[in-house]
Structure formats: C-alpha cells, structure tokens
Amino acid sequence: MDKLKITGGRPLEGEVRISGAKNAALPIMCAALLTAKPLVLTNVPLLRDVSTMGKLLAEMGVRVERSDDRVTLNATAIAEPTAAYELVKTMRASVLVLGPLLARCGRAKVSLPGGCAIGARPVDQHVKGLEAMGATIAVEHGYMHASARRLQGARIVMDMVTVTGTENLMMAAALAEGETLLENAAREPEVLDLARCLAAMGAKIEGAGSDAIRVVGVRSLGGAEHAVMPDRIETGTYLAAAAATGGKVRLSGTEPDSLDATLDKLRESGARIRVGESFIELESEERPNAVSVRTAPYPGFATDMQAQFMALATVARGTALITETIFENRFMHALELQRLGADIRLEGNTAIVTGVERLQGAKVMATDLRASAGLVIAGLVAEGDTVVDRIYHLDRGYEALETKLSALGARVVRVS
Ligand code: EPZ
C-alpha cells in the first residue's frame, strides 16, 4: 500500500494551480442522470472519488468519457437505476444518485452507506425530503428501495443543515411537478455551483446559496456545458500548509470569495494575505499565532478545514481551541499528531492544542481525507522524516498532491 514520505523543515514557496472542487464535481456528475442529453463538464479534478462516481454512473448505463479536465456524461437511457453496496461503501457521496434517479426513472435502488470514519452520518433528511415529495422508500437488505409516480413539489424544512441532502432534493425537485421550497438549506458554494449547472440545463431555481431554495419543476431538462468551481478546501489546505511552514505561496485558479472564514483565521494567525479575482497570495515569516476555530455550516468555518488548522495549531505560539460541531468523531488525526510530538488534549468535541516549537517526524496513519491533509501539514513542519500510511485517502480528494507540494519546494515522495 502506498505511503507518503515527507522530509520536513522547509517553508513552502512558489505557485500552484488549484483544481476543480471534488464536492462540486460529484453532485454535478449526478445531475447528468436528469437528462437524456449530454452534460459536458470542464475543470473536473482527477481524483479517485470522481472516477468512483464515473464507475457508479457507468454501471447504470451512463456513457462517461474523460479527456484531461473535461468529462462528458451521456445518460440517454438508464438501464438500471441501482447503486450497489460495493461502490457506495467506498464513497458516501454515492447517495447523490438517489434524488435524480427517482425523478428521472420513478424508481431507484441505492445501498445505505453505513458507518464511516468521521461519524454515523445518516441519510434520514434525504429520505424525509423525498417522501414529502411523494416517494415511497423502504429499506430492505441494506438497500433503499424508492419509488414514485412523478415527484410532487413540497415545502421541506430540513432538521439540520446537510450539504448532500440539499443537493439531492434540489436535483429531485428540478423534475418534480410544481414548486418545492427547501428551508434550512445548506448555503455551501458547492450547492450554488450545482444550481448553476442545473439552471444551464433548464431548471428553474431561485435562492441557491441562501437557506431557502425555491425550485419550480419542469418536465424535462436539456444538456449543458459547465465549468466546475475551484476547490476551496484544496486552496485552504495549501494556505494552511504555507502558514505552518512560514512560507510564501501564490495559488491561482481559485475563488477567494468562497474562503472568507479560512482567510480571516489565517490573517489572525499572523499571515499576510493578498487576494485577486482568482488568486490568493500568502506570506508568513514567523511562527503562527494560535487561532481557535469552531466548525459550522457555510459561511462558518468549514469542518473540512478543521484537521489542517489543528496541524497549524500544533506549532503555533500559544493555545488554540479547535471545536468540531458537524461530525461527532472527526478528531482521529489528534492522536496521530500526538505521535509527532503535538501537545493536544481532547475534551468532548474540543481539542485544546498548545503549540510546540518543533514536531518530530514519525510514522503516522491517515484515517480520512482531511485528517490525512492535517498529517501532511504536520509532516512538512516536523524535523526529519514523516511517513503517512494509507494515503489512498489523499488520492480521493487532492489532485497531484506530491507534484504540487514538490513544485512548492517540499521534499515529498510516494513509497510502496
Ligand atoms: C458534505 O458531506 C461533504 N461531502 C463533506 O466533505 C463535508 O465534510 C460535509 O458536507 C460538511 O460540510 C460532499 O459534499 C460530497 P452533511 P455530507 O449532510 O453532505 C448530519 C470531505 O472531506 N446528517 O452536510 O454527507 C450528518 O451526520 C467531506 O470532502 C444527518 O443527521 O454532510 C452530519 O452530522 C467529508 N442526517 C451533519 O448532518 C442526514 O440525512 C452534516 O452532514 C444528513 C446529514
């Protein structure tokens, strides 16, 4: 199994280009199920999750063609509206096919995703919303069996803010009869990007990006061409890495407006930041100041940036409180960071991190995608060699990680 060997101690310096957003590409690929016409996507990141989604769609009869960052999806006919356990268990975002399949085919069979490393993560809100739209959903042998004649518009108040839940219901509502109102909807930029793609396909959607989304269903949707938004979490990860190592980086092809909470916290850590329309420059010469963060739905501080900020806090001046409010078990990296010499105490959903002058390289184990990113940042600042095991997690969400880190002067190699 591949590992990443990082020899730490060098500040990151230079420029890299940010890829398309994984968490926008995945729902947008599922939107292809809503139309018999081709959906052409550009700026699609080259990631394992994207190829998993491609496989899942192909199993249903969707033609998926990729050339560089361009993916063409053709769901002329859907042979089998089923998402099997074997793929769903490897990627929870597979549940995003449920709404589109039901809306297009009137039936769907989708495996329940089961547990995952960062918490229980149920899909009850997806189910509740689709049922409110007239679907019948029964769970048998680990699968959701859903059926509906034609989905009906409904007013749905979500019990909590859920990103993929909002996306699933928005896609289903696009082909439903009448008007759907999604309240307490997720405001994440990826939801807005999906809405933009759906609108280009002919959907009638208002309010995406706010907590109340209104969708007026149409009979059918057409094809479209859409460029996937830049990855704000990839951007934030390189910025946190540069701040932790006392580096100077320029990230191009990004969307600074989607990173307000992260940029504020990096400024608070002492980094100097300059933004343009599609670039961010960060410079940080000194040891960062400790900054506390509390995760929250967008526009709050992203849970997907929590591990990277915990890594930053391990070498900061002072004590930071890192509080996780979205997932109940997203501190697995804390124990691994301790193996590198970090001073971290866990109290419920808060990690109390007191910065140390230096971390020391060690062997550590990645547990999920963002936890791995936190370990890589720690490895970049640690003295000596850090070996991160199970980096298939990183391949799910960071395009060309070693290449980009090397371009920034880091000493990183993949070893088998
Ligand atoms: C999305 O997951 C992202 N994934 C996650 O990215 C991200 O961490 C998360 O949103 C939060 O921002 C994609 O966009 C593909 P949620 P999602 O539904 O939609 C609870 C990464 O590393 N909940 O917003 O699955 C849930 O358990 C990742 O790229 C229910 O209880 O997350 C959690 O506590 C991992 N019932 C909270 O809501 C439901 O029906 C928010 O989860 C749905 C969610």
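Select β2 and strand β15 (residues 248–252) in this predicted model. Five bridges join the two strands, which run parallel. Pick Val16 and look across to β15: its bridge partner there is Leu251.

**The sheet around β2**

Now widen the selection. β2 belongs to an open sheet of four strands, ordered β2-β15-β17-β16. The pairing in this sheet is mixed. Go to the edges, β2 (13–17) and β16 (272–275). Each edge strand has a single partner, so one side of each is left without a neighbour in the sheet. Neighbouring strands here are turned against each other by 10 degrees on average, direction ignored.

Add helix α9 (residues 260–268). This helix lies across β16 and β17 (279–283). Its direction makes about 145 degrees with β16.

**The sheet around β1**

Move to another open sheet of four strands, in the order β22-β23-β1-β24. Here too the pairing is mixed. Which strands stand at the edges? They are β22 (363–365) and β24 (411–415). Each has a single partner strand, so one side of each is left without a neighbour in the sheet. Between neighbouring strands the average turn is 20 degrees, direction ignored.

Zoom in on β22 and strand β23 (residues 385–389). They pair in the parallel sense, over three bridges. Select Met365; its bridge partner in β23 is Asp389.

Next, show helix α12 (residues 369–381), which packs on the sheet. α12 touches β1 (3–7), β22, β23 and β24. Its direction makes about 30 degrees with that of β1.

Stay with this sheet and pick Arg414, found in strand β24. Is Arg414 buried, partly exposed or exposed? Its relative accessible area is 32%, so Arg414 counts as partly exposed. Show what surrounds Arg414. Neighbours within four places in sequence aside, Arg414 is in contact with Asp2, Lys3, Leu4, Ile391, Asp395 and Glu402. Follow the link to Asp2: the two residues are 412 apart along the chain, yet 6.6 Å separates their C-alpha atoms.

**Helix α4 and its cover**

Select helix α4 (residues 98–105). How many of its eight residues are buried? Six are, and α4 is mostly covered. The buried residues are Leu98, Gly99, Pro100, Leu101, Leu102 and Ala103. Display the elements that cover these residues, which include α1 (22–31), β6 (82–83), β7 (107–111), α5 (124–132), β9 (143–147) and α6. Then step past the end of the helix. Gly106 follows α4, and its phi is positive, near 80 degrees.

**From α4 to α6**

Keep α4 on screen and add helix α6 (residues 163–174). The two axes come within 7 Å and cross at roughly 15 degrees. Angles under 35 degrees count as roughly parallel, and α4 and α6 are therefore roughly parallel to each other. α4 passes α6 in a right-handed crossing. On the α4 side, the contact is made by Leu98, Gly99, Pro100 and Ala103. On the α6 side, look at Asn168, Met171 and Ala172. Colour the contact of α4 with α6 by class: five residues are nonpolar, two are polar and none is charged.

**From α6 to α7**

Hide α4 and bring up helix α7 (residues 189–200). The axes of α6 and α7 come within 10 Å, crossing at roughly 15 degrees. That makes α6 roughly parallel to α7. The crossing is right-handed. From α6, select Val163, Thr166, Glu167, Met170 and Met171. They meet Glu190, Val191, Leu194, Ala195 and Leu198 in α7. By class, the contact of α6 with α7 has seven nonpolar, one polar and two charged residues. Met171 deserves a second click: this residue takes part in the contact with α4 and in the contact with α7.

**Last stop: Ala227**

Select Ala227, in strand β14 (residues 224–227). Its relative accessibility is 46%, so Ala227 counts as partly exposed. Which residues is Ala227 in contact with, leaving aside its neighbours within four places in sequence? They are Thr42 and Asp193. For a final distance, pick Ile18. Ala227 and Ile18 are 209 residues apart along the chain, and their C-alpha atoms are separated by 14 Å.

Notes
Residues are numbered from 1 along each chain as its sequence is written. This is a predicted model: local features need pLDDT of at least 70, side-chain atom pairs count only at pLDDT 80 or more; totals for chains, interfaces and linings use all residues. Side-chain values use heavy atoms; hydrogens and water are left out. Buried means under 20% relative accessible area, exposed over 50%, partly exposed in between (1.4 Å probe, protein chains only). Contact means heavy atoms within 4.5 Å. Axes are lines fitted to C-alpha atoms, for helices over the stretch in contact, and angles run from 0 to 180 degrees between N-to-C directions. Angles under 35 degrees count as roughly parallel, over 145 as roughly antiparallel, 65 to 115 as roughly perpendicular and the rest as oblique. A crossing is left-handed if the near helix is turned anticlockwise from the far one by less than a right angle, and right-handed if clockwise. Ala, Val, Leu, Ile, Met, Phe, Trp, Tyr, Cys and Pro count as nonpolar, Asp, Glu, Lys and Arg as charged, and the others, Gly among them, as polar. Two strands pair if DSSP finds at least two bridges between them.
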